[in-house]
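Student: I'd like to go through this one with you. Can we start with the packing and then move to charges and holes?
Tutor: Sure, let's bring it up.

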Amino acid sequence: MSDTEAVDPTGTVIDVPAPEPGSAGSPCGYARLRAEQPVVKAKLPNGETGWLLSRYEDVRAAFADPRLVRPLLSAWPPREGADAPPPCLPTFLEMTGEHHERVRRTVLPLFGRRRLEFMVPRVRAIAEELLDAMVAGAPDGTADLVPAYVEPLPLRVLCETVGLPYEERDVYLPHTLALLGASGLTMEEVLAALYALQDYASELIARRERAGEGEDYLGLLLAESRRAGATLTRDDVVSFVVTMLMAGYKTNIQHTGNALLVLLDHPDELRRLREEPARIGAAVEELLRYVPLMNAINILVAREDFTLHGQRIRAGDAVVPVPASANRDPAAFTDPDRLDLTRSPNAHVAFGHGPHACTGGHLTRLQLTTAIEVLLERLPGVELAEPAASLPWDETTPLRAPARLPVRW
C-alpha cells in the first residue's frame with residue numbers, strides 16, 4: 001500500500017453502498033468509489049466509521065499490511081474502564097503475531113489438498129443423499145433447492161469434517177447466527193453469543209477428550225495438542241471450533257445458494273459446464289470471484305498513521321477492505337461484470353490475502369465443486385422453475401441469499 005503526499009481535507013463520510021435488491025451484495029455500488037473515492041470514510045452498520053478500500057490493489061495489499069491488524073470481536077469498537085468487556089479467546093481471524101503463526105502452521109496442513117482428497121467421498125455422499133431425498137419427495141419433478149440442498153449441505157459437511165454433533169445444531173446455531181447478524185445487535189448481545197459459543201466448544205472438547213480422538217479435525221487437533229512439545233493449546237482448539245462455526249456455516253450457505261442461482265440464470269454457461277465437466281475448477285474460481293462471498297465486513301485497525309490516496313489514516317482507525325468490490329475491479333479483471341466460467345488467470349480475493357487468508361478456502365472450494373457436480377450428474381436437465389427476478393431473498397443478515405430456489409428437471 002503506497003502512501004501519497006496530498007491529504008484530502010474535506011472529511012467526507014458516506015454510507016456503505018447499499019446492496020442492489022435481489023442480489024448477494026453491492027459490487028456495482030462500488031464502481032464509482034473505485035473511480036473517484038478509492039479510500040473513503042464510511043458509516044458502518046454498527047454506527048462506527050471506517051475507511052472503505054474498493055480497488056483490487058489496495059484491498060489485496062491491506063490484508064497483508066502489517067500496519068493493519070484484525071481487532072477482537074469482543075473489543076471493537078474499544079471501550080474503556082467499567083464498560084470494557086471481559087477478555088475472550090480470539091478466533092483464528094483475530095490472532096496476531098507469533099500466536100497466529102504458530103497456530104496457522106499447525107492447522108493449515110489439515111486444510112491442504114491431500115487431506116481434502118480424503119474427504120471427497122464423504123462430502124459427495126452427503127450431497128447425493130440430500131438430492132436423492134429431494135427427488136424422492138418430488139414426484140412432479142419440481143422442488144426448492146434451498147431447504148433440500150443449499151441449507152443442509154454446508155452444515156452436514158461442517159459437522160462431518162470438524163466433528164460437530166449434527167443433532168446438537170439447535171444449541172450452537174442460534175449463537176452462530178446471532179454473531180453473523182451482529183450489525184443489528186448490541187455489544188452485550190454479541191458478547192453473550194460469543195461466550196456461549198466458546199462455552200459450548202469447551203464442553204464439546206471435554207466430551208471428546210473423555211471419548212478419545214477421532215479422524216475429524218477436532219480429533220486430530222486434540223491429538224496434536226497432547227503431543228510432547230505441542231504448539232497448539234486447548235484454548236486454540238476451542239478457538240478453532242468457534243472460528244469454523246462463524247466462517248464455515250452461514251457463509252457457505254449464502255455462497256452456495258447464490259452460486260447455484262447464478263449458474264441456473266446463465267443457461268448457456270451452465271450448458272457448457274455440463275458438456276465439459278473438466279472445467280469445474282475454473283468455474284468454481286469464477287463463481288468465487290463473481291458472487292460476493294463477503295462485502296464490507298472485514299474490519300482491520302491501523303496500528304500507526306499513514307496516508308493512502310490522499311486520505312490520512314490515523315492509528316486506531318478502522319480500515320475496511322471490500323473483496324466484493326476488488327473482485328469487480330476492471331484494473332484487475334477483463335470485463336469484470338461478466339460471468340466467464342473459463343476465466344484464467346483468476347487471482348480473486350474472495351478468501352482475503354496474506355497471513356490471514358481464509359484457512360478453510362480449499363474446503364469451501366471442495367464443497368461448492370461437489371454441490372455443482374452432483375447436481376448436474378443427478379439432474380442433468382435442471383433449470384429454474386421461476387424467473388430469477390421474481391425470487392424472494394433472505395436479507396436478514398449481511399450474508400444475503402435467495403430465500404427460495406425452485407427448480408424442475
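**Cores, cavities and charges**

Tutor: This is a predicted model. The largest nonpolar core has 90 residues, and Leu145, Tyr149, Leu164, Phe240 and Ile372 touch the most other members.

Student: What is Phe240 in contact with, leaving aside its neighbours within four places in sequence?

Tutor: Phe92, Val107, Phe111, Val162, Tyr217 and Leu221.

Student: Which residues are in the other core?

Tutor: That core lies apart from the largest one and has 17 residues, among them Val59, Ala62, Leu308 and Val319. In general, nonpolar side chains in soluble globular proteins tend to be buried together.

Student: Switching to holes. How many cavities of 30 Å³ or more are there?

Tutor: Two. The largest cavity holds about 50 Å³ of space. The second largest has a volume of about 40 Å³.

Student: What lines the largest cavity?

Tutor: Glu269, Arg272, Leu273, Arg279, Ala283, Leu341 and Thr342. Helix H12, residues 267-275, gives the most to that lining, with three residues.

Student: How does the lining of the largest cavity divide into nonpolar, polar and charged?

Tutor: Three nonpolar, one polar and three charged.

Student: And the residues of the second largest cavity's lining, how many are nonpolar, polar or charged?

Tutor: Seven are nonpolar, with no polar and no charged residues. The lining consists of Leu260, Leu263, Leu264, Leu270, Ile372, Leu375 and Leu376.

Student: Which helices each supply at least two residues there?

Tutor: Helix H11 (250-264) and helix H15 (361-378). Note Ile372 in that lining. Ile372 is also among the residues that touch the most other members of the largest nonpolar core.

Student: OK, charges. How many salt bridges does the structure hold?

Tutor: It holds 30. Take Arg102 and Glu98: their closest N and O atoms are 3.7 Å apart.

Student: Where do Arg102 and Glu98 sit in helix H3?

Tutor: They are four residues apart in helix H3 (residues 97-107), so about one helical turn separates them.

Student: Is Arg102 buried or exposed?

Tutor: Buried, because its relative accessible area is 16%, under the 20% cut-off. Its partner Glu98 counts as exposed, at 52% relative accessibility, which is over the 50% limit.

Student: Which side chain meets Glu209 in a salt bridge?

Tutor: Arg234, at 3.2 Å from N to O. This pair links distant parts of the chain, 25 residues apart. Glu209 is in helix H8 (residues 187-211), and Arg234 is in helix H10 (residues 234-248).

Student: How do Glu209 and Arg234 count for accessibility?

Tutor: Glu209 is partly exposed, at 31% relative accessibility. Arg234 is also partly exposed, at 30%.

Student: One more pair. How far apart are the closest N and O atoms of Arg227 and Glu224?

Tutor: They are 2.6 Å apart, and the two residues form a salt bridge. Arg227 counts as partly exposed, with 44% relative accessibility.

Student: Which residues do salt bridges that share partners join into one network?

Tutor: Arg124, Glu128, Asp132, Glu373, Glu377 and Arg378.

Student: Good. Give me a quick recap of the cavities.

Tutor: The largest has three charged residues in its lining, including Glu269 in the list. The lining of the second largest has no charged residues.

Definitions and conventions. Residues numbered from 1 in each chain as written. Predicted model: local features only at pLDDT ≥ 70, side-chain atom pairs only at ≥ 80, totals over all residues. Heavy atoms only, no water. Salt bridge = Lys/Arg side-chain N within 4 Å of Asp/Glu carboxyl O. Buried < 20%, exposed > 50% of the residue type's maximum accessible area, 1.4 Å probe, protein only. 1 Å grid on protein atoms, 1.4 Å probe; cavity = no way out; pocket = protein on both sides within 12 Å on 5 of 7 lines; lining within 4 Å. Points joined across faces, edges and corners; volume = space filled by probe spheres on them. Nonpolar A, V, L, I, M, F, W, Y, C, P; charged D, E, K, R; others polar. Core = buried A, V, L, I, M, F, W, Y, C linked by side-chain atoms within 4.5 Å. Contact = heavy atoms within 4.5 Å.
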